[in-house]
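Welcome, and thanks for taking a look. Below is a short tour of the ligand sites and the nonpolar core, with the structure shown first.

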Amino acid sequence: MKEISGVSEHPYRYDSVSRGLHWLMALMFAWIYCSAAAHYLLSDSVLDKTLWPYHKPVGLLLLGLFALRASWSLLNRQHRPPSMNVAASVGHGTLYGLMLLIPLIGLLRQYGSGRAFSAFGVPVMDGFEGEKIQWMIDLGSNFHSLLGWTMLVLIVGHIGAVVLHHRQGNSQVLRRMTGRTHKV
Ligand code: HEM
Ligand code: HEM
């Protein structure tokens, strides 16, 4: 928060932790959507076989980073720039909701299947004998992919909104997230 003549002002850019998490996760989302697209469009191709084994581990990592990002944005909420408008608040809020729900539903489906799951060689779930947990499997089958593709549409809209602001001469919006600004 800036303080000029005793009057507190909102910061003009996101702090470095928020910016770092935003761009790291954006890269990982780009990767996970490549794996999902290869799985959907080029099933059993070399590309699918190369990328798909990492879909679940990277998804789990994204959930961990989401927990960090959400906690940090809550703890640090007094020191973040204000929302540009209502549409931006609703859009960012929806992205936060989906960043939580999509991997969580994927993990529930994995658990319900009773199959063991490890990520990057670290055991995450042991798996179990006996009946599968059908409601977890149904939840995953009905909603994981659906919400996953829905979030991709929102991400395209999110990027489109930034480009639109930029074209209308408001380059400040992008700079709030790149950190390259000194103006309020
Ligand atoms: C934020 C992280 C994630 C995103 C954005 C995401 C996105 C997607 C998308 C878009 C699909 C559809 C692919 C298709 O239509 O073939 C998909 C499929 C799938 N995902 Fe994820 N996923 C994430 C995390 C996870 C996690 C953590 C797991 C499990 C531990 C998981 C397990 C699966 C499985 C098993 C499928 C195939 C579903 C099917 O063939 O019916 N995903 N994911
Ligand atoms: C090339 C890709 C991307 C660009 C250029 C971009 C750009 C930006 C910019 C400029 C802001 C600041 C907007 C403002 O202050 O109102 C922002 C914020 C935000 N972006 Fe992105 N973004 C990208 C990818 C993503 C992805 C993949 C996600 C999540 C799925 C995402 C989620 C968010 C969220 C939730 C915010 C609000 C700030 C926060 O709490 O982190 N962005 N983005």
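## The shell around ligand 1

How many nonpolar, polar and charged residues does the shell around ligand 1 have? By class, this shell holds 11 nonpolar, 7 polar and 2 charged residues. Please keep in mind as you read that this is a predicted model.

There are 20 residues around ligand 1, and those that come nearest are Y40, H55, H144, S145 and W149. As for its location, ligand 1 sits in the second largest pocket. The helices α1, α3, α4 and α5 are the elements that each give two or more residues to the shell around ligand 1. Of these, α1 gives the most, with 6 residues.

## Polar contacts of ligand 1

Two histidines meet nitrogen atoms of this ligand. For H55, a polar side-chain atom lies 2.9 Å from a nitrogen atom of ligand 1. For H144, an N or O atom in the side chain is 2.8 Å from a nitrogen atom of ligand 1. W149 turns up on the oxygen side: an N or O atom in the side chain of W149 is 3.3 Å from an oxygen atom of ligand 1.

## The site of ligand 2

Now for the other ligand. Ligand 2 sits in the largest pocket. Two or more residues of its shell come from each of α1 (16–41), α4 (86–113), α5 (134–167) and α6 (172–178). The shell is made up of 20 residues, and H22, R69, Y96, H158 and R176 are the closest. Sorted by class, the shell around ligand 2 divides into 14 nonpolar, 3 polar and 3 charged residues.

Which atoms of ligand 2 do H22 and H158 approach? A polar side-chain atom of H22 lies 2.8 Å from a nitrogen atom of the ligand. An N or O atom in the side chain of H158 is likewise 2.8 Å from a nitrogen atom of ligand 2. R69 pairs with oxygen instead, with an N or O atom in its side chain 2.9 Å from an oxygen atom of ligand 2.

## The largest nonpolar core

Away from the ligands themselves, the largest nonpolar core has 19 residues. Which of them touch the most other members? They are M25, F29, I32, Y33, L62, M99 and M151. The elements giving two or more residues to this core are α1, α3 (55–75), α4 and α5. Here α1 gives the most, with 6 residues.

Key. Residues numbered from 1 in each chain as written. Chains lettered and ligands numbered in written order. Predicted model: local features only at pLDDT ≥ 70, side-chain atom pairs only at ≥ 80, totals over all residues. Heavy atoms only, no water. Near = heavy atom within 4 Å. Polar contact = N/O pair within 3.5 Å; in protein donor to acceptor, adjacent residues only side chain to side chain. 1 Å grid on protein atoms, 1.4 Å probe; cavity = no way out; pocket = protein on both sides within 12 Å on 5 of 7 lines; lining within 4 Å. Sits in = over half its atoms within 2 Å of the grid points. Helix = DSSP H or I, 4+ residues; strand = E, 2+ residues; numbered from the N terminus. Nonpolar A, V, L, I, M, F, W, Y, C, P; charged D, E, K, R; others polar. Core = buried A, V, L, I, M, F, W, Y, C linked by side-chain atoms within 4.5 Å. Buried < 20%, exposed > 50% of the residue type's maximum accessible area, 1.4 Å probe, protein only.
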